[in-house]
Amino acid sequence: MSLSKRSWAEPFKIKMVELLKMTTPAQRQKAIKEAGYNTFLLKSEDVYIDLLTDSGTSAMSDQQWAGMMLGDEAYAGSKNFYKLEKAVQKYYGYKYLIPTHQGRGAENILSQVMIKKGDIVPGNMYFTTTRLHQELAGGTFADVIIDEAHDSESLHPFKGNVDLGKLDKLVKKYGAKKISYVCVAVTVNLAGGQPVSMQNLKELRQYTNKHGIKVMLDMTRIAENAYFIQQREKGYAKKSIAAIVKEMCGYTDGATFSGKKDALVNIGGFLAVNDKDIYEDASNMVVVYEGLHTYGGMAGRDMEAMATGIEESVQDEHMKARVGQVLYLGDSLLEAGIPIVLPVGGHGIFLDAKRFLPHIKQDQFPAQALAAELYVDSGVRAMERGIVSAGRNKKTGDHYYPKLELVRLTIPRRVYTQAHMDVISESVQHVYEHRDKVKGLKMVYEPKYLRFFQARFEKLK
Ligand code: F0G
């Protein structure tokens, strides 16, 4: 046997397992109907493989669990805060840390501190909570991602890149003073976990320096972005994930972070900045919404686990296995001819519901219907990322009709095995073979904010 191609496996072994309940198709039919065909409204115990999100669903390491016993649960000045602050300074290079209960807490604080009513907030595609906080603070989000990001079949290696031409148009139209900051997400969740290149971050820094505009990262999945830079960008193949992450942060003025993704914890987040004035405003604001500026909504033990998780997240072997598992599932689906967003991103596979279910019109919620169908087939829980997630235009009241109508199969970190990936792939293939029978949906309840979480549907006849 030739050993030119050797298999590799995860750089960990499993110490504890969580048993799952197995259900029948009839039980799942009933469960999804009761959940209004919204996978967010299913009970977790009725789910076999949970791909709803990679957020807060990671398996912590023994080191992180051991750290939970070191929680210094003081109201003020917990030693775990200082450990977290050190980790943020060491791995990301930002000077000031404002802990928050999760990412959206940081988005709220940043938006309130930096956005004035009537401002424009350019970003490389929207994220649901990020855009909502920008709007609640009086800003208007403007999409400045490159066009390729909206095309599920474009093979551009850095589909998350900012289009500097689009940004320049906004600056010319509104003036730099009206731009609160440029919000750059790494990776871009709603584009399919697509990365931003280092070159793009450098060019953005040069451009914004020239115009006196700040750049704030949404660095929720920065280590995954760094992995793609290492694999795809010239000059980075020999650099470590840790070095790439630090260089990326170096081209920005601050960041919001949901620790629930890269940092391998179940809860937590932060805002980090270099500017002392912004820090002072933010650390005053955090006491109103989150908690004292040395805990910001997290227990001491949570800050301890997050500090350790940040260190684990930038290890090369960890990231190779993490993204490797996602690519394994992607390859299996591609081989079977399933329409997915390409290239495969860092945190999950995105099924292209427009191509999967071409007979269902977008206002009959094809991605929502596909996620429900997949659950009934195998107990795999996925999430809609299309017209339901996009919400409504504030002015016209009509749905936004995003080009991308996707179902996200999000892979939690260090949780599932290769055999689980095989089961997922086979289920998607089975639904694909029977796709003609899948019916569209009608929305029968629509909440005011972030409707995808709680909206309810009925099946069309
Ligand atoms: N930014 C990005 C890119 C995200 O993906 C998320 C959360 C947030 C900010 C907000 O962070 O949840 O800690 O408040 N994304 C989750 C997801 C919910 O499933 O993609 P949070």
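The exercises below, each with a worked solution, concern a predicted model.

**Exercise 1. The shell around the ligand**

Determine how many residues surround the ligand, which of them are closest, and how they divide into nonpolar, polar and charged.

Solution. Begin with the count: 17 residues surround the ligand, and the closest are T53, R104, D218, S258 and K261. Next, sort the residues of the shell by class, which gives two nonpolar, eight polar and seven charged. Finally, ask which element contributes most to the shell: helix 4, residues 103-114, does so, with three residues.

**Exercise 2. Polar atoms close to ligand oxygens**

For Q102, G103 and N189, state the distance from an oxygen atom of the ligand, and say whether the side chain or the backbone is involved.

Solution. Take the side chains to start with: an N or O atom in the side chain of Q102 is 2.9 Å from an oxygen atom of the ligand, and for an N or O atom in the side chain of N189 the distance to a ligand oxygen is 2.8 Å. Turn then to G103, where a polar backbone atom is 2.8 Å from an oxygen atom of the ligand. To complete the picture, consider the surface of the ligand, which taken alone exposes 470 Å², of which the protein buries 95%.

**Exercise 3. The length and surroundings of helix 4**

Compare the expected span of helix 4 with the distance between its end C-alpha atoms, then work out which of its residues are buried and what these pack against.

Solution. Step one is the length: at 1.5 Å a residue, the twelve residues of helix 4 should span 16 Å, and because the end C-alpha atoms are 16 Å apart, the two values agree. Step two is burial, for which the cut-off is under 20% relative accessible area. G103, G105, A106, E107, N108, I109, L110, S111 and M114 are buried; with nine of twelve residues buried, helix 4 is therefore largely enclosed by the rest of the structure. Step three is the packing, in which the buried residues of helix 4 meet strand 2 (96-100), strand 6 (215-218), strand 7 (254-258) and strand 8 (269-273), as well as helix 5 (128-136) and helix 10 (276-289).

**Exercise 4. Helix 5 and Q134**

Establish how many residues of helix 5 are buried, and describe the surroundings of Q134.

Solution. Seven of the nine residues of helix 5 are buried, and the helix is mostly covered; the buried residues are T128, T129, T130, R131, L132, H133 and Q134. Q134, which lies in helix 5, has a relative accessible area of 2% and is therefore buried. Leaving aside neighbours within four places in sequence, Q134 is in contact with S111, I115, V121, G139, F141, Y181 and C183. Just after helix 5, G138 takes a positive phi of about 100 degrees.

**Exercise 5. Two loop residues**

Locate K437 and Y400, and decide whether each is buried, partly exposed or exposed.

Solution. K437 is placed in the loop between helix 16 (418-433) and strand 13 (441-445), and because its relative accessibility is 63%, K437 counts as exposed. K437 and H359 are 78 residues apart in sequence, with their C-alpha atoms 9.9 Å apart in space. Y400 lies in the loop between helix 15 (387-390) and strand 12 (406-410), and its relative accessible area of 26% makes Y400 partly exposed. Not counting residues up to four places away in sequence, Y400 touches R131, I387, A390, G391, R392, N393 and K394; R131 is also one of the buried residues of helix 5.

Notes
Residues numbered from 1 in each chain as written. Predicted model: local features only at pLDDT ≥ 70, side-chain atom pairs only at ≥ 80, totals over all residues. Heavy atoms only, no water. Near = heavy atom within 4 Å. Polar contact = N/O pair within 3.5 Å; in protein donor to acceptor, adjacent residues only side chain to side chain. Areas by Shrake-Rupley, 256 points an atom, 1.4 Å probe, with all protein chains shown as cover. Helix = DSSP H or I, 4+ residues; strand = E, 2+ residues; numbered from the N terminus. Nonpolar A, V, L, I, M, F, W, Y, C, P; charged D, E, K, R; others polar. Expected span 1.5 Å × (residues − 1). Buried < 20%, exposed > 50% of the residue type's maximum accessible area, 1.4 Å probe, protein only. Contact = heavy atoms within 4.5 Å.
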